Amino acid sequence: MKEENCLHAALLCLGMLCYSHALGTERLSHSRPSLHGHHERGKEGQVLHRSKRGWVWNQFFVIEEYTGPDPVLVGRLHSDIDSGDGNIKYILSGEGAGIIFVIDDKSGNIHATKTLDREERAQYTLTAQAVDRNTNRPLEPPSEFIVKVQDINDNPPEFLHENYHANVPERSNVGTSVIQVTASDADDPTYGNSAKLVYSILEGQPYFSVEAQTGIIRTALPNMDREAKEEYHVVIQAKDMGGHMGGLSGTTKVTITLTDVNDNPPKFPQSVYQMSVSEAAVPGEEVGRVKAKDPDIGENGLVAYSIIDGDGMNLFEITTDYETQEGVVKLKKTLDYETKKSYSLKVEAANVHIDPKFISNGPFKDTVTVKIAVEDADEPPVFLKPSYIFEVQENAASGTVVGKVHAKDPDAANSAIRYSIDRHTDLERYFVINAEDGNIKTIKALDREEIAWHNISVFAVEVHKQHQEAKVPVAIKVVDVNDNAPKFAAAYEAFVCENARSNQQFITISADDKDDSANGPRFIFSLPPEIIHNPNFTLRDNRDNTASVLVRREGFSRQQQDMYLLPIVISDGGVPALSSTNTLTVRVCACDGAGALLSCSAEAYALNAGLSTGALIAILACIVILLVIVVLFVTLKRQKKEPLIVFEEEDVRENIITYDDEGGGEEDTEAFDIATLQNPDGINGFIPRKDIKPEYQYLPRPGLRPAPNSVDVDDFINTRIQEADNDPTAPPYDSIQIYGYEGRGSVAGSLSSLESATTDSDLDYDYLQNWGPRFKKLADLYGSKDTFDDDS
């Protein structure tokens, strides 16, 4: 490969040198002719005259990527006025002048000093001019020319993407388009074959092929199976120069994935599945799982399971777990090991989605046999019935048999059973059950009118396995017995007008019976035999469980009799029939001519007939009288709170209360009012009382005189006692007031008892000796003076 590349480079360099020499020769031949024109002989001897011109230009060319040791000769500028004496100077300006392109100002040769890349810049525009070397005077007008960079095959093809990914369905026909890859070449597509690309496949055969001109990849083999191989790696090459030797190339990788189609039916890996389940399992419990394998994926691999045959179709069901693609066998109904010990099922697995193009690969389903063994379990007792309903008559004697429940052990051991009543359902203990045979009996009498139904629960427990128990509800209906006599449906109270007419109905009554309808209605109403010919009222049975009471005579008088008691007998339809006598109270009331109630006893006001105008006026009058009484009572209460004696000024009363230690506590007190002593000047003044109005004006007696300022206390007190005794306005009780008053300006000393021990006193305290041992101390204190005097 290296030798081939070296040879290719040598040939390329040789071709460039030959091409450059040919161009130089061509350009030199295009130089301007002599200024002196010449004649050329044309056809048929005609002489042609060629006109003069300063420059004759063609495009100059320079090969890109030249890497020789010397600058590349692009071309030569020459004017026909140049005689070769060196007086003409050539000047080059424009794009790249002096940097890329340089000119010999004497000979006019143009050289490229740098390597050019056409892919960077394809051409340059330059301006050439001939001037006098000495004066720089232009000898000819400037002229533009173009230098084109000649392309060489120096760029390999490049793909748009380094890696491609594509999908194609498995089992696709040969030639099915997979993907198109595209490459580009930076070389000049208009010159030679440098940019002419050809595609080929380097890897991926024989499964895929590629179109040489378009780059479209297609399938090359039929029936490619995803389940055998899912992914393929393909390498595509793009080569320029039309794919000929010497061209450059580029490659890309294409990853092709086969997508799935439903071309495989599901298959069970085994023909029989063995499972087991306990007879104690509850419906909905999982028994086992089966799985049919389908190599397809996605919706093409979805499998649905169903039971299509077998003796356990009604006891088992199967569902599909779409996450694991398994068939889940579940229990549908409870099992009994003692009845049947094994079951067989035929399960089918089928694809959910089927592709019609591959229907010939079917059928897309498979079947398998599932055998299920039932395991024995220690089961609790089972009652023969899910519930029991018994009947018993009310008032039945204690020990009456209500009914019998029965349970058995479903296991092969057939253990003995013991029965009991759940006492939470029979708190009053009406019933008892025989623990061995299950007979339920009453303990005490039942009353249907209290409880019509008794709902209890009975337990059944295995004798040797107490944890194995069952529970059954038992409903006991109490059958009615006619043991309640009918009574009035309400507390009836009738009213009859004084002017009632004969045979006038004034009330309709009905009855109520606590017994059942079989022993209750129909009701029969009648009057007792002893008053069957009652002169005042009669009874009519309406035969609809009601009766009407009618007036037998005309004219009633409240003054003679305002109330009647009418006994009524009510019998029921039971066997035997029961009856009761109920009393209807009939009140006589005053009515107007239309029969409207005017006045009656107090109870009559509760009727819906309404109140007359006179009754309303009487009620209002009573209310007004009550309000007046209340106002008077409140007024008197307020007056009692005011002081009994009117003082001109506010008086502050002082009470001296003494307690007798020998007496009976707080009741044994004496009050001394000294308010009078505070104003000795007003002893003869008259102070009126507010609680008593005097019949005559009080006048002081003639014998009484106003006391002087130095009034004697003894006279003052006596005077007050006489006034109190003779005062008609004083309260009707006796009172004694004791005052200690010294008077104004008295020359006497203090009356205080604190100094009584040092003053002479003519009082005799010998009587204290006769008052008993309790007063001995006082007798010793106050009687010592006489004893002392006697001793002296």
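This is a friendly walk through a few features of the structure above, from its disulfide to its surface. Keep in mind that the model is predicted.

Let us begin with the cysteines. A disulfide is a covalent bond between the sulfur atoms of two cysteines. The structure holds 1 disulfide, and its partners are Cys497 and Cys591, with a distance of 2.0 Å from S to S. To find the two ends, look for strand S36 (residues 493–497), where Cys497 lies, and for strand S42 (residues 579–591), which holds Cys591; the pair therefore ties together parts that are 94 residues apart in sequence. If you look along the S-S bond of Cys497 and Cys591, the torsion is about -80°, so this disulfide is left-handed. Are the two cysteines buried or exposed? Cys497 has a relative accessible area of 16%, so it counts as buried, and Cys591 is buried as well, at 14%. Another cysteine, Cys622, is partly exposed, with 48% relative accessibility.

Next come the charged side chains. Side chains of opposite charge can pair when their charged atoms come close. How many salt bridges does a search of the whole structure find? The search gives 18. Arg289 and Asp321 make one of them, with their closest N and O atoms 3.1 Å apart. Arg289 sits in strand S20 (residues 286–290) and Asp321 in strand S22, so this bridge links distant parts of the chain, 32 residues apart. Arg289 is partly exposed at 33% relative accessible area, and Asp321 is also partly exposed, at 21%.

A further salt bridge brings Glu348 together with Lys365, where the closest N and O atoms are 3.9 Å apart. Glu348 belongs to strand S24 (residues 342–351) and Lys365 to strand S25 (residues 365–375), and 17 residues separate the two along the chain. Here the partners differ in their surroundings: Glu348 is buried, at 17% relative accessibility, whereas Lys365 is partly exposed, at 43%.

Lys471 and Asp422 also meet through their side chains, in a salt bridge of 3.4 Å from N to O. Lys471 is part of strand S34 (residues 469–479), while Asp422 is in the loop between strand S30 (417–421) and strand S31 (431–433), so the bridge ties together parts that are 49 residues apart in sequence. Lys471 is partly exposed, with a relative accessible area of 49%, but Asp422 is buried, at 11%. Salt bridges can also join up into a network, as they do for Arg226, Glu227, Glu230 and Asp260.

Now turn to the aromatic rings. The structure holds 16 aromatic pairs. One of these is Phe488 with Tyr492, whose ring centres are 5.3 Å apart and whose planes meet at 90°, an edge-to-face arrangement. Phe488 itself is buried, with 13% relative accessibility. Which residues form an aromatic cluster? They are Phe383, Tyr388, Phe390 and Tyr419. Rings can have charged neighbours too: Lys340 lies over the face of Tyr343, 5.3 Å from the ring centre, and the charged end of Lys444 sits over the ring of Tyr430, at 4.9 Å from its centre. One more phenylalanine to find is Phe506, in strand S37 (residues 505–512). Phe506 is buried, at 18% relative accessibility, and its C-alpha atom is 7.2 Å from that of Phe495, 11 residues away along the chain.

The backbone deserves a look as well. Between Gln205 and Pro206 the peptide bond is cis, with omega near 5°. You will find Pro206 in the loop between strand S14 (198–203) and strand S15 (208–210). Asn223 has a positive phi of about 55°, although it is not a glycine, and it sits in the loop between strand S16 (216–219) and strand S17 (231–239). Gln325 is not a glycine either, yet it has a positive phi of about 60°. Its place is the loop between strand S22 (316–321) and strand S23 (326–331), and Gln325 is buried, with a relative accessible area of 14%.

We finish on the surface. Leu616, Ile619, Leu620, Ile623 and Leu627 form a nonpolar patch there, with about 460 Å² of accessible area together. Among them, Ile623 lies in helix H2 (residues 613–640) and is partly exposed, at 43% relative accessibility.

Note on methods: Residues numbered from 1 in each chain as written. Predicted model: local features only at pLDDT ≥ 70, side-chain atom pairs only at ≥ 80, totals over all residues. Heavy atoms only, no water. Phe/Tyr/Trp six-rings, centres within 6.5 Å; stacked < 30°, edge-to-face > 60°. Buried < 20%, exposed > 50% of the residue type's maximum accessible area, 1.4 Å probe, protein only. Lys NZ or Arg CZ within 6 Å of the ring centre and 35° of its normal. Helix = DSSP H or I, 4+ residues; strand = E, 2+ residues; numbered from the N terminus. Patch = residues over 30% accessible without salt bridge, like charges linked within 9 Å, V, L, I, M, F, W, Y side chains within 5 Å. Areas by Shrake-Rupley, 256 points an atom, 1.4 Å probe, with all protein chains shown as cover. Salt bridge = Lys/Arg side-chain N within 4 Å of Asp/Glu carboxyl O. Disulfide = S-S within 2.5 Å.
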